[in-house]
Number of protein chains: 2
Amino acid sequence: MHILILGAAGMVGRKLTERLLREGRLGKQDITGMTLQDVVAPAKPANAAIPVNVVASDFADAGAAAPLIAERPDVIFHLAAIVSGEAEAEFDKGYRINLDGTRYLIDAIRAVGGGYKPRLVFTSSIAVFGAPFPEKIGDEFFHTPLTSYGTQKSICELLINDYTRKGLLDGISIRLPTICVRPGKPNKAASGFFSNIIREPLAGEEAVLPVSEDVRHWHASPKSAVGFLVHAGTMDLNAVGPRRNLSMPGMSVTVGEQIASLERVAGKNVTARIKRVPDPTIIGIVSGWPRDFVTDRALKLGFTTAEKTFDDIIRIHIEDELGGKFAA
Amino acid sequence: MHILILGAAGMVGRKLTERLLREGRLGKQDITGMTLQDVVAPAKPANAAIPVNVVASDFADAGAAAPLIAERPDVIFHLAAIVSGEAEAEFDKGYRINLDGTRYLIDAIRAVGGGYKPRLVFTSSIAVFGAPFPEKIGDEFFHTPLTSYGTQKSICELLINDYTRKGLLDGISIRLPTICVRPGKPNKAASGFFSNIIREPLAGEEAVLPVSEDVRHWHASPKSAVGFLVHAGTMDLNAVGPRRNLSMPGMSVTVGEQIASLERVAGKNVTARIKRVPDPTIIGIVSGWPRDFVTDRALKLGFTTAEKTFDDIIRIHIEDELGGKFAA
């Protein structure tokens with residue numbers, strides 16, 4: 001089976017690539033080749049046992065999808081997007097990449113014809129929901145995005161549902177929780193602090209907490225995110241019906257609970273590196289974000305997280321990113 | 001104030017035009033000019049007291065919107081669409097007209113800049129909902145279209161919300177119930193019988209009822225539809241917030257109740273012209289349609305129907321379309 005990953009150079013794309021190459025198979029099928037696309041060429045994996053193509057292309061170009069689809073990938077993981085803040089600041093660019101790019105992709109799939117109907121796994125986002133909403137957002141709550149990014153993700157969910165219903169592809173959209181702990185450097189995303197306050201102290205660095213400890217949010221580890229993608233790429237979708245968009249399982253915790261977990265796992269010296277510096281802008285943004293979900297549909301369909309507690313999320317980070325060690 | 005009606009040659013567009021020309025004002029403002037657009041030139045109203053431009057253009061042409069927007073209409077009624085059956089049969093045409101056309105329109109508005117922010121009233125549809133759903137669909141039930149038409153309407157709702165949120169226009173999307181009694185000739189739409197069984201017998205003709213009498217559906221008169229549009233064009237939208245998509249009030253009745261109304265209003269001779277000829281295809285299609293709604297948001301925002309009972313809907317038809325007379 002041939003696998004195409006769009007947006008493969010991002011954090012989730014890289015981790016998905018690693019897992020697929022490590023396992024050599026997706027579900028019951030051997031992987032015979034992979035194509036990794038991104039706007040900058042993804043790193044070519046060293047020592048891959050199978051042929052891996054690396055493609056640099058602009059997903060928003062009308063002609064970018066056709067050559068990728070020409071290889072008839074059996075499974076397509078579509079992770080290509082510009083992030084929320086950028087889509088909000090650059091209106092045209094957001095619609096071009098996050099909406100038009102997806103349409104070019106699904107139309108390129110459709111143009112193949114002859115019964116070609118690949119599995120398309122689209123990474124949607126909890127940004128399809130904006131306040132006000134119930135304390136726990138259920139599987140039937142309506143799309144209420146308060147960002148252009150969330151709007152674009154909502155629209156792509158609808159398109160993928162319709163193209164799937166018409167038999168033009170075999171799509172599923174999965175709404176990832178906020179990924180925590182996100183590896184790498186602190187960034188300026190408003191959500192950055194949820195990971196910063198764990199990752200930086202574990203690395204011996206200070207981290208800024210700009211909101212109060214009672215802020216509640218919805219998390220999953222990078223490992224869980226990759227697990228959701230793999231399951232979405234392999235599961236039997238016939239039972240799912242035409243509603244191919246699902247909120248993924250996650251964990252609802254307050255910032256205070258995150259810090260308590262960090263103290264349990266790594267000690268007081270580590271949590272002492274968190275500096276409280278309230279930021280009214282970030283407090284305002286975060287107040288409109290989802291806090292908790294009921295994800296019965298996804299659970300019933302076999303989606304599971306790799307963690308049971310937030311302590312596990314921290315341990316997964318220490319294990320996967322820090323080689324099992326941290327700055328005590 | 002200048003008013004632009006897109007899709008003005010359709011039934012609702014014609015009735016809206018008549019009302020606006022008759023009243024000479026929209027809300028508190030005098031109408032100083034109107035532009036009527038459709039793919040075939042709308043009929044030029046006779047004896048209009050104000051200048052009325054008539055434009056034939058293809059709404060799906062990338063350049064069609066700019067010249068219409070160049071006149072800086074203060075209020076735009078966007079009724080342009082191909083209908084459900086056609087959008088389902090002609091996939092590309094549906095997306096071109098029902099989705100791309102709307103994007104060209106809102107981008108043409110945005111391109112004007114300089115604080116130009118017209119009221120945009122978009123006619124959405126209860127086709128954004130597909131079964132299964134609750135017996136009464138509430139204001140927060142999610143978009144579950146089972147047609148490309150419903151998908152396209154859902155997407156336009158999301159786009160108009162986002163462009164409004166960004167301050168690029170002042171939009172509102174209203175989901176019209178099935179219009180009953182639809183004047184004109186019987187057509188092949190699966191929903192046609194809801195009107196046919198009233199309109200044809202009143203005209204002395206036979207009508208076919210293809211479903212059982214316990215089928216329940218959601219209706220509003222043409223007069224109500226025009227009333228919703230006028231209200232949406234004039235109301236203060238500041239209180240509405242970013243969720244600018246609303247299910248309109250209507251009336252939930254069974255086919256049996258429709259026929260009982262017809263008998264009360266017009267007598268047994270008239271209802272005797274309804275012939276029961278079950279059609280499994282239509283029975284199947286209709287079984288997936290919404291039956292009833294809770295429309296608290298719209299009611300709170302001042303949207304009201306012109307009818308209180310289905311008898312009223314029949315009387316409105318006899319009054320507005322038949323000059324007060326019917327074939328007894």
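Here is a short chat about a predicted model with chains A and B.

Visitor: Which element gives the most residues to the side of chain B that touches chain A?
Guide: Start with the contact itself: 33 residues of chain B meet 33 residues of chain A. Between the two chains there are 24 residue pairs in polar contact. On the chain B side, the elements that give two or more residues are helix H4 (91–112) and helix H5 (148–165). The top contributor, with nine residues, is H5(B).

Visitor: How do the residues on that side of chain B divide into nonpolar, polar and charged?
Guide: The area buried between chain B and chain A comes to about 3,000 Å², and carbon and sulfur atoms give 54% of that. Going by residues of chain B that touch chain A, the split is 15 nonpolar, seven polar and 11 charged.

Visitor: How far apart are the closest N and O atoms in the salt bridge of Glu88(A) with Arg165(B)?
Guide: The rule for a salt bridge asks for a side-chain nitrogen of Lys or Arg within 4 Å of a carboxyl oxygen of Asp or Glu. Across the interface of chain B and chain A, eight salt bridges turn up. For Glu88(A) and Arg165(B), the closest N and O atoms are 2.8 Å apart.

Visitor: Which strands stand at the edges of the open sheet S9-S11-S13 in chain A?
Guide: This sheet has three strands and mixed pairing. S9(A) pairs with strand S11 (residues 216–220) of chain A in the parallel sense, over two bridges, and Ile179(A) sits opposite Ala220(A) in S11(A). Two strands have a single partner each, so one side of each lacks a neighbour in the sheet: S9 (178–179) and S13 (251–254) of chain A.

Visitor: What is omega for the peptide bond from Ala131(A) to Pro132(A)?
Guide: Most residues other than glycine have a negative phi, and most peptide bonds are trans. In chain A, Pro132(A) is in the loop between strand S7 (119–125) and helix H5 (148–165). Chain B has a cis bond joining Ala131(B) and Pro132(B), with omega about 0°. The bond from Ala131(A) to Pro132(A) is cis too, with omega near -5°.

Visitor: What phi does Arg72(A) have?
Guide: Look in the loop between helix H2 (65–69) and strand S6 (75–78) of chain A, where Arg72(A) has its place. Arg72(A) is not a glycine, yet its phi is positive, at about 50°.

Notes. Residues numbered from 1 in each chain as written. Chains lettered and ligands numbered in written order. Predicted model: local features only at pLDDT ≥ 70, side-chain atom pairs only at ≥ 80, totals over all residues. Heavy atoms only, no water. Pairing = 2+ DSSP bridges. Helix = DSSP H or I, 4+ residues; strand = E, 2+ residues; numbered from the N terminus. Contact = heavy atoms within 4.5 Å. Buried area = accessible area lost by both parts, 1.4 Å probe. Polar contact = N/O pair within 3.5 Å; in protein donor to acceptor, adjacent residues only side chain to side chain. Nonpolar A, V, L, I, M, F, W, Y, C, P; charged D, E, K, R; others polar.
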